[in-house]
Amino acid sequence: MEVYRYQQFPSHLATVHVALFDNVTNADELHARLIRASTLTGSEGETEREAVNFAFIDARLIASIQHLKAAVYHAILAATQGGLKTKSVHSEIIWTLNPTNNITEALRRYGVSASSSSLFVVRVDRPLDGLVERLSTIVHGTLVPLDSLKDMTNWDTIKKHYKLNDEPAIRNAAGDKDVERRKIDRIVTSSVATKIVMG
Amino acid sequence: MSATQILLSQATQISQGAEAAIYKGRLSDSGLDEEDVLLKYRFHKGYRHPTLDASLTKARVAGEARALLKCLRADVNVPAVRMVDALEGVLGIEWINGKSVRFLLGGGAEDEEVTEEMADGENLPEDATEELEDQLLEYNVSSDEVMTMIGTEIAKMHLADVIHGDLTTSNMMLRLPSPSPSNKTELVLIDFGLAYISTLVEDKAVDLYVLERAFSSTHPASEPLFAGVLKAYEIRMGKEWKAISRRLDDVRLRGRKRSMVG
Ligand SMILES: Nc1ncnc2c1ncn2[C@@H]1O[C@H](COP(=O)(O)OP(=O)(O)OP(=O)(O)O)[C@@H](O)[C@H]1O
Ligand SMILES: [Mg+2]
């Protein structure tokens, strides 16, 4: 797990915890649990929502840690400006990752789904202790270093979602995988940072 | 103070123009992989009505970010976008490790135009080409290669119908070779504050003319250099070149007439 500090944000939004899990075996249960948590009422609902108060993100659609951090940054920024388009800073991260404005589509693509096997778990908060232990009861999988992402990314799906196949940046890479991936990463990271003004 | 104002207060200011202040900073203060960003702050203009000022600022920041994104897709070398806060008027972009072409051409500091006598006169400070070659050693490229890179990047940009709006040698940088994003020297176009989208031959020709004027006013004996820019531009533009070339001649003529009258 990595922890990033942002002094410019208010303290309850200034610490970003990022964990990456591989070989996740309970993605379908987790997905169902998130849906149930959002519909439960009363104190039971509140407790359950707090228990799963994270952004669960399918790692296949993340090009780099920079890419993920750009989405986190702009979600927090929106929160500080009263500009959240979704219910929480965590759902806002997922909304920010998707090139369109459709939150249902964003959740379907970037959130946890039954087919997820590698997951980022992000928590924006004050510095928290014991998060890894807590997460290990929620996500059944192997906690891995963030740079394990390089074997998880599905570049073809990213290209499809961002409609990059016909762009000169991709065509000019002429099949050189390293060059192509670097360019895709620059484009999607910049797109995430620019999303709020894309209209 | 807003988050972005705090971010600016923790960054280092590196210049102050009429429209924007430029800072070097970092979005997060932790993590060894955290990279530098350039923060361009379009501050409040006291002489403008606050509401109008806010919406103009927002439009300018948004416009610059969108132009950069369009260029990235079009494979034009430009800084990646790192942060956009249109409300506060701040654009954060990838820090380019290198120097402006203006500096490398021996064009001196910003805003220090070469006077007419210097540009036309016999006692030129130094041959521009030689000066450039010295400066370029560190970059491992020749001046001809730099001119080719300039022409090629502008052509890729125009093929995507992005008009820069302020092409000068200060608005292009040579990026030092580094392992990423590639291991060779790159020419990077910057400052898309006046950029817009247009398919018109006229707009592309004027874009080139502005650069031609910038070359001749900042860099003595620049004709051969600029010819190299146009040559590379022509090659990259392919069949689009003819119409733009013809229009560039018109624009030059108009420019000369204007300066004879004025
Ligand atoms: N991405 C970058 N990385 C490093 N330095 C940069 C970058 N972008 C700009 N600079 C430096 O900052 C200067 C000002 O940037 P820019 O031209 O974008 O701002 P500006 O306010 O429009 O300035 P000006 O009015 O002087 O043109 C540039 O001339 C260049 O030296
Ligand atoms: Mg400039």
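## Ligand, magnesium ion and sheet in chain B

A nitrogen atom of ligand 1 sits 2.7 Å from a polar backbone atom of B:Ile96. That is a good place to start a tour of this model, which is predicted.

Ligand 1 has 15 residues around it, and those that come nearest are B:Lys40, B:Glu94, B:Ile96, B:Asn171 and B:Asp191. For three of these residues, the polar atoms facing the ligand can be set side by side:

| Residue | Polar atom of the residue | Atom of ligand 1 | Distance |
|---|---|---|---|
| B:Ile96 | backbone | nitrogen | 2.7 Å |
| B:Glu94 | backbone | nitrogen | 2.9 Å |
| B:Asn171 | side chain | oxygen | 3.2 Å |

B:Asn171 deserves a second look, as does B:Asp191. Which protein atoms serve as donors to the magnesium ion (ligand 2)? They are OD1 of B:Asn171 and an OD atom of B:Asp191, lying 2.2 to 2.3 Å from the ion. B:Asn171 belongs to the loop between β7 (162-163) and β8 of chain B, while B:Asp191 belongs to the loop between β9 and β10 (196-197) of chain B, so the pair ties together parts that are 20 residues apart in sequence. Are these two donors buried or exposed? With a relative accessible area of 9%, B:Asn171 is buried, because the cut-off for that label is under 20%. B:Asp191 has a relative accessible area of 25% and is partly exposed.

Let us turn to the strands that border these loops. Strand β8 (residues 172-175) of chain B pairs with β9(B) in the antiparallel sense, over 4 bridges. Within this pairing, B:Leu174 stands opposite B:Leu187 of β9(B). Helix α6 (residues 143-159) of chain B packs on the sheet, where it touches β8 and β9 of chain B, and its direction makes about 45° with that of β9(B).

How many strands does the open sheet contain, and in what order? There are 3, in the order β6-β8-β9 (chain B), and their pairing is antiparallel. β6 (98-100) and β9 (186-189) of chain B are the edge strands, each pairing on one side only. From one strand to the next, the twist averages 30°.

Chain B also holds a hairpin, in which 4 residues join β1(B) to β2(B). Strand β1 (residues 12-16) of chain B and strand β2 (residues 21-25) of chain B run antiparallel and are joined by 4 bridges. One of the bridge partnerships links B:Gln16 with B:Ala21 in β2(B).

Definitions and conventions. Residues are numbered from 1 along each chain as its sequence is written. Chains are lettered from A and ligands numbered from 1 in the order in which they are written. This is a predicted model: local features need pLDDT of at least 70, side-chain atom pairs count only at pLDDT 80 or more; totals for chains, interfaces and linings use all residues. Side-chain values use heavy atoms; hydrogens and water are left out. Two strands pair if DSSP finds at least two bridges between them. Helices (H or I, at least four residues) and strands (E, at least two) are DSSP runs, numbered from the N terminus. Axes are lines fitted to C-alpha atoms, for helices over the stretch in contact, and angles run from 0 to 180 degrees between N-to-C directions. Contact means heavy atoms within 4.5 Å. Donors are N, O and S atoms within 2.8 Å of the metal (3.2 Å for Na, K and Ca); water is not among the atoms, so sites may look incomplete. Buried means under 20% relative accessible area, exposed over 50%, partly exposed in between (1.4 Å probe, protein chains only). A residue is near a molecule or strand if one of its heavy atoms lies within 4 Å of it. A polar contact is a pair of N or O atoms within 3.5 Å; within protein, one must be able to donate a hydrogen and the other to accept it, and residues adjacent in sequence count only if both atoms are side-chain atoms.
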